[in-house]
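Reader: Hey, I've got a protein model open and I'm a bit lost. Can you walk me through it?
Author: Sure, let's pull it up.

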Amino acid sequence: MRGTDVQRERWERLERLFAQGLTLPETQRAAWLARACGDDAELRGEVEALMRADATTGVLDMPVLAGGGAEAEGIAPSLAAGTRIGAWRIEKLVGRGGMGEVYAATRAEAGFSQRGALKLLRFEAIDELARFHAERQILARLDHAGIARLLDGGVAPDGRPYTVMEFVEGVSLIDWCNARRAPLEQRLDLFAQVCDAVAYAHRNLVIHRDLKPGNTLVDAEGKVKLLDFGIAKLLDAGASAAGADSPATIAPFTPDYAAPEQLAGEPVTTATDVYALGVLLFELLTGERPLRLRGLPSTQALALLNDREAPLASRAVRDKAGAPVPAGALAGDLDAIVAKCLRRESAHRYDTVNGLKLDLQRHRAREPVLARDGAHLYVFGRVLRRYRWAVAAAAALILALAAGLAGTLWQARRAETQARTAMAVQAFVTDLFRANSGNQKDPVKARATTARELLDLGANKIDAGMSDAPAAKLSVSNLLADLYDQLALRKEEIRLRRQAVELTRSLYGADSAELVGALSALAGAMHGTDAAGEREPLLREALAILDRNGDRDSELRGRLLQKFFELYEIHDPAKALDYARQSVRVLATHPASADLAEAWYVQGLAETQDHKPAQAVASLNRAIEISGAVQGVPNPKLIVMYYQLAETQSALQDFDAAERSARQALQMALAINGEDHIDAVRTRMMLGEALLASGRVRDGLDLLALAKRGVLKLAGPDDPFHTPQVLTASGLWQSDIGDVAEGLADLQAVIPVRRREYGDIPHVADMMCRVATDLTDLGHYDEVGRTLDEAARIYEAKGVKPGTPRYNAVTKARLWLALAQGRIDEAHQRLGEMVVDPAAKDAPAQQIGKWLLEAEIAMETANVASEVETPLANARAEIERSGLVANRKLYLSSADLIEGESRLKRHDAAAALPLLQRALAVREELLVAPNPRLAEAQTLLATCYLELGKPREARELAASAAAIEAHYAQLGERYRRPLAELQARLQTAAKPAPRLAAQKRG
């Protein structure tokens, strides 16, 4: 064991020395090695051998399609010149990589001349067969002028697969620009072509994963061609997994261009390609790479990325003679754009490649660049994602925040105001740092300040300070309010937004556009809080300002109208829809923009809530079309839009379309943010619900289970927004078709979170009533009573009275309890208290449910068959008329079960049999054991078989029902009593007949 430890330590030392040596100039390495290795000549020899090997170009380092061919490097090709493969004649070997050989080839068919690059899998790379086929699959779906086209493919006579691509006569982007001393504008033009090609690949859900100069060639016409999709990844959730990376392996990549998530072996997204484009852009502008990682072990390379920020591009060329672009041309916009691409956290890079390209276009048009706007928020926001930090790091980041704020002060209207503002920001940050680091007696405690505590400290300080620099105070107030918004701390955000409104009013005047923005931001922060009632006066004031200024059609007005939609969306859907449509009309008079896409999305949302799903689908599709054109595909907003489209299509019972939309949302969520993001959780939930609604119950429940695990991991059980949404979906579906106990636990977990966030609102009472129904199924009758009493109290406190449709939830839950306990008279009374609202969206379901309950109550009391069969006939007719696709089968199975049980009670087992068989078949299809309603159907059909003299069939079904009952610690009387009676009858039927006593012989 000791020998193993020594060997491991030696290897670790060797790896460390090799990595350190690569960072030194060759002229300094000998002296350094003598000091580092001392008398260990063997160790020194090993390090020197590794560095010599690193300096030698190997086959894996050779660029594919490099000029001059690979034969000049002494590599023997596996195919001789003139060899025929399919329709192609081999000319020469031009490149070799880890997976394949690339040959220049000519199409050999008579009368047809075409040159191609034939890529053939190497003999020793047979393990890469799946990846080779994946590359072919990827290339087949890409047809873009900036991507080398797939021409042909097949299998060579020796059994190796090959692909033929367009042959590109060209040199790498960097070499082409350097050879021609290309000016900045030409370099940016060529880089924009690279962006177009990568964006096209992303739109087709392909990530390249190995963007670098050698894979971006410029041809004789000055056009860029993107090559080598050998390690690209398909993001299509429905695609074959044949080419997917094994969970246990990491796809190859080029370290100097690899994003941190690649080095860490984490899932890649489109942001991975954005990072590589940032490295490529840095090299194109400076002639250098931001960080040299080649030769370092991946762990050390990742550590270097985490410990060091990439230098600013302008700083890299400041003292460099013959730099491709002077430092002055890079400082500012281009520095910020490159830095945004190279952020360590993928979420803080550009959302899409189109976003990167648009920012470069803004720079060239001398318009504001988005990368600069978000720089100070990024620096300070990194602090907020950590719970603790070192004091020194806090100082550096806070000072960076100060610099960012001060950098925006050029907009101040007077030099005197600018000076006062800068001094105030400096004093504010200095005091904030001093308060955090001043505990010299306990430096550990000083370092343990949380992000929330530091934010609170800053918010309190701006109240007392900065009185002589109101512009600075306003900037800091808005910044801290934005940060509180990111942490979902609404009360603190609202307090700062109020302060910002008053500062804006005093600085810019009561009729300023700035005040409109501040009022709108305050109203937005109040949405869904106890202060929600204050929103309308704020928005009315903002609208009045625009009216006084004669502003009838500005983009600011269009955005403000969307806030009015938020104001009315719950209480007055028709008015909310009117404001949403006004927003579309206003913004449609301007060029297509993200604001216009948002307006169409809001209109679609309003139409959904106003029970106009067909119109909503058209609006949402229009929003998707504009967002894709303006913001690129994929982009984060499209995730939300496709998500809502799926929900609306479900309301139209178009579950196939809902599934397609939900899959689009999920694929984009994974492409942009990867697995560990709340978008992946929410879109999985939506896809799961779409599958469940269409009857694919097991797939749907699996997706809901994944969403549940994801939200608890990412947001935690106390998150007030995402966790309740996912747990509610999981709880309702589990209760309906799966494990009632698990569904009950999910729903019970939601209630305290909702109460903390919103107080005792009717929605909380709705959840309590659903919990009470599950408790009834599980036989917890005392708890049912307490839960329903509390729900009734909440309803009545909010003006929801008995005898109204909204109160039905309590009435129905009490009826269900009465039925379970055999109190039929009370159940009949509760039925009379239920009121169906004919205008409600779910009016058909309400009425069907009431008729089924009426039939069940009649079955327990009536002797006349028509009293059971008439409501069942009404229910069946309404099921067919209303087209309730999602629940049609389950509703019909309930009608069959009630009628079958009614016929059993009248001793007509022959008539009951087909009804009960059909009911059980549907429940076996749509319910997942251990659901009690499955056991209920099994018990009734088993009873019918016993009546018909088929004890063997009865025993098999009874055993299945008993297994479901055994899963639960307790089940209600509704399920337990019939099964117990059946088991007793089966036991009696199994006893042998008594033997006749033999007569004694006389």
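**A strand pair, and then the rest**

Author: Let's start with one spot: V155 stands opposite P161 in β6. Keep in mind that this is a predicted model.

Reader: OK, and which strand pairs with β6, in what sense?
Author: That's β5, residues 150-155, which pairs with β6, residues 161-166, in the antiparallel sense. There are five bridges over the pairing.

Reader: How many residues sit between the strands in that hairpin?
Author: Five, and G159 takes a positive phi near 95° in this hairpin.

Reader: Zooming out, how many helices and strands does the protein have?
Author: It has 44 helices and 11 strands. The protein has 1002 residues, and 49% of them count as buried.

Reader: What about the largest nonpolar core, how many residues does it have?
Author: That one has 93 residues, and L815 and L916 have the most contacts inside it. Helix α42, residues 932-947, gives the most to this core, with nine residues.

Reader: What does L916 touch?
Author: Leaving out residues up to four places away in sequence, L916 touches L897, G900, E901, L904, L940, L941 and C944. There's also a second, separate core of 53 residues, and L173, I174, Y350 and L356 are among them.

Reader: New topic: how many aromatic pairs does the structure hold?
Author: Three. One of the pairs is F564 with Y579, which is stacked, at 4.7 Å centre to centre and 20° between the planes.

Reader: Why does that pair tie together parts that are 15 residues apart in sequence?
Author: Because F564 lies in helix α24 (residues 555-568), while Y579 lies in helix α25 (residues 573-587).

Reader: And is F564 buried or exposed?
Author: F564 is buried, with a relative accessible area of 0%. Y579 counts as buried too, at 9% relative accessibility.

Reader: Got another pair for me?
Author: Y795 and Y807 form a tilted one, 5.7 Å centre to centre with 50° between the planes. Y795 is in helix α35 (residues 781-797) and Y807 is in the loop between α35 and α36, so this pair ties together parts 12 residues apart in sequence.

Reader: Last one: where does the charged end of R115 sit?
Author: Over the ring of F167, 4.3 Å from its centre. R682 lies over the face of Y643, at 4.2 Å from the ring centre.

Definitions and conventions. Residues numbered from 1 in each chain as written. Predicted model: local features only at pLDDT ≥ 70, side-chain atom pairs only at ≥ 80, totals over all residues. Heavy atoms only, no water. Pairing = 2+ DSSP bridges. Helix = DSSP H or I, 4+ residues; strand = E, 2+ residues; numbered from the N terminus. Core = buried A, V, L, I, M, F, W, Y, C linked by side-chain atoms within 4.5 Å. Buried < 20%, exposed > 50% of the residue type's maximum accessible area, 1.4 Å probe, protein only. Contact = heavy atoms within 4.5 Å. Phe/Tyr/Trp six-rings, centres within 6.5 Å; stacked < 30°, edge-to-face > 60°. Lys NZ or Arg CZ within 6 Å of the ring centre and 35° of its normal.
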